[in-house]
Amino acid sequence: MPDIDIAIIGAGVVGLAIAYELSEDLDNIYLFEKNERYGLETSSRNSGVIHSGIYYPPKTLKSKLCLEGSRLLYEFCHENSIPHKKIGKIIVATNESDKINLIDLYKHGQELGVEGLELIDKTTLSNLEPNVKGICGILSNNTGIVDVHRLMDKLYQLSKARDVSFLFKMMLSKIKKIDDGFEITFDNKETTTTRYLINSAGLYSDKIAEMAGIDDEQYQLRFVKGSYFYYAKKSPVTRLIYPIPHADLEGLGIHATLDLDNRLRFGPDTEPVDEINYQIDISKKEVFYQMASRLINGLDKEYLCPDTTGIRPKLIGSGFKDFIIQEEKDRGLNGMINLIGIESPGLTCCLAIGRYVKNLIKYQEK
Ligand SMILES: Cc1cc2nc3c(=O)[nH]c(=O)nc-3n(C[C@H](O)[C@H](O)[C@H](O)COP(=O)(O)OP(=O)(O)OC[C@H]3O[C@@H](n4cnc5c(N)ncnc54)[C@H](O)[C@@H]3O)c2cc1C
């Protein structure tokens, strides 16, 4: 019999949410993280937005888990006093061709069942946000923001209270399939065996799948960096302001987000990179100013300051890519669950992903 029942690799918001959901009715769960604490990578380098789910194609995991995840996340934040705010978001059309796309996007959102969407004309837009440029917009009342650090703290504490064991500074380096599970070895040479192996390793999840012998091009990741600049002056807007997204959803276009202290930030942009390097290129300031000024009037360039960056783990290939959340029985890896390409809206989806993974395990147990 394996030493442990469930090993989760990676303590980002998704790994933590999986631990929290599984520990509700399963035991003997271990979470292994290579860093000295949880949430030090992509999960603390994002916009902190609870998305409504308007963008994604129907019947995809991104769409399904975003709709469910947003509802679960609001409930969780409410029940556990996690700072959050349903601040609302406006997607704006700045010209006539944008307007056609905006109306299509609105219809798409309605068909998906996204709640709280309103198509607004120029007058309503100006009344709501006098400093926003645009000829019309979609108001998404259900979009919000969350304190991601407090969310991760709570998921960690609640999982620990349900006896999940957290092991930090444990970098998984080798996986061997054994009869009733997996032998997993870490960079410090420690080895254990596990019945289930859940790969929630974010930017490195394709490498972990490779360690298990999965040599599938569809699992390969590429990195797309997103930089932010913050506005060191009182925010001229009170909601999140977005342009029409890129057609392939490579990014949502440089947009304006607010945090819970009302600090305005612009970003993230989309920059393909070969390596993980979080330094910001300050020469981007002019481009950010131009892009931000397409959405908002009267910004003062002097007050635009370099902020953080994050890196998206994107599946290779062009066009829309869905999350991969896959139990690997068909590859002879019974008990391995890979989560690959968990880019935006992964934060919004985290609890729904946790439940989805729980169902995959329960299905195996039947
Ligand atoms: C710029 C940007 C903005 C975003 N904005 C939003 C947003 O507003 N709303 C939203 O819903 N989503 C957003 N996202 C997406 C969201 O941040 C991610 O989907 C989410 O954080 C992914 O969480 P994760 O746990 O999968 O990954 P991570 O946070 O990357 O966690 C993975 C963990 O695995 C660990 N790990 C890796 N390899 C190993 C190993 N070999 N052994 C042990 N541990 C290992 C890492 O150290 C890391 O801690 C954004 C993403 C980016 C990049």
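This report describes a predicted model of a protein with a ligand, from overall form to single residues.

## Overall form

The protein contains eight helices and 20 strands. Its radius of gyration is 21 Å, close to the 21 Å that the globule rule gives for 366 residues, so the protein is as compact as a globular protein of that length. Along the principal axes, the C-alpha atoms occupy a box of roughly 65 × 40 × 40 Å.

Buried residues make up 47% of the 366. When contacts between residues at least 6 apart in sequence are considered, 74% of them join residues at least 24 apart.

## Domains

Two domains are assigned: domain 1 (4-47 + 149-220 + 320-365) and domain 2 (87-144 + 221-315). Their C-alpha centres are 31 Å apart. The contact between them involves 17 residues of domain 1 and 15 residues of domain 2. On the domain 1 side, the residues that touch domain 2 comprise four nonpolar, nine polar and four charged.

## Nonpolar core

In soluble globular proteins, nonpolar side chains tend to be buried together. In this model the largest nonpolar core has 107 residues, and Ala7, Leu16, Ala17, Ile198, Ile241 and Ile353 have the most contacts inside it. Because domain 1 and domain 2 both give residues to this core, it lies between them.

## Helix α1

Two of the core residues just named, Leu16 and Ala17, are also among the buried residues of α1. The helix spans 13-22, and ten of its ten residues are buried. The buried set includes the charged residue Glu21, alongside Val13, Val14, Ile18 and Leu22.

Several elements help to cover these residues: the strands β1 (4-9), β2 (29-32), β12 (191-199) and β20 (336-340), and the helices α5 (148-161) and α8. Leaving aside residues up to four places away in sequence, Leu16 touches Ala11, Tyr38, Met152, Leu155, Tyr156 and Ser159.

## Ligand shell

There are 41 residues around the ligand, and Gly10, Gly12, Asn46, Gly202 and Gly346 come nearest. By class, the shell has 18 nonpolar, 17 polar and six charged residues. At least three shell residues come from each of domain 1 and domain 2. Among the secondary structure elements, α1, β18 (304-315) and α8 (346-365) each supply at least two residues.

## Gly10

Gly10, one of the residues that come nearest the ligand, sits in the loop between β1 and α1. This glycine is buried, with 29 other C-beta atoms within 10 Å, where 20 or more are required.

Not counting residues up to four places away in sequence, Gly10 touches Gly15, Glu33, Ser200, Ala201 and Gly202. Of these, Gly202 is also listed with the residues that come nearest the ligand. Gly10 and Asn35 are 25 residues apart in sequence, and their C-alpha atoms are 9.0 Å apart.

## Lys169

Lys169 belongs to the loop between β9 (165-167) and β10 (172-178). With 13 other C-beta atoms within 10 Å, Lys169 is partly exposed. Its C-alpha atom is 4.4 Å from that of Lys34, although the two lysines are 135 residues apart along the chain.

Terms used
Residues numbered from 1 in each chain as written. Predicted model: local features only at pLDDT ≥ 70, side-chain atom pairs only at ≥ 80, totals over all residues. Near = placed C-beta within 6 Å. Helix = DSSP H or I, 4+ residues; strand = E, 2+ residues; numbered from the N terminus. Domains from an automatic or database assignment. Rg over C-alpha atoms; globule rule 2.2 N^0.38 Å. Buried ≥ 20, exposed ≤ 12 C-beta atoms within 10 Å, placed from the backbone. Contact = placed C-beta atoms within 7 Å. Core = buried A, V, L, I, M, F, W, Y, C linked by C-beta atoms within 7 Å.
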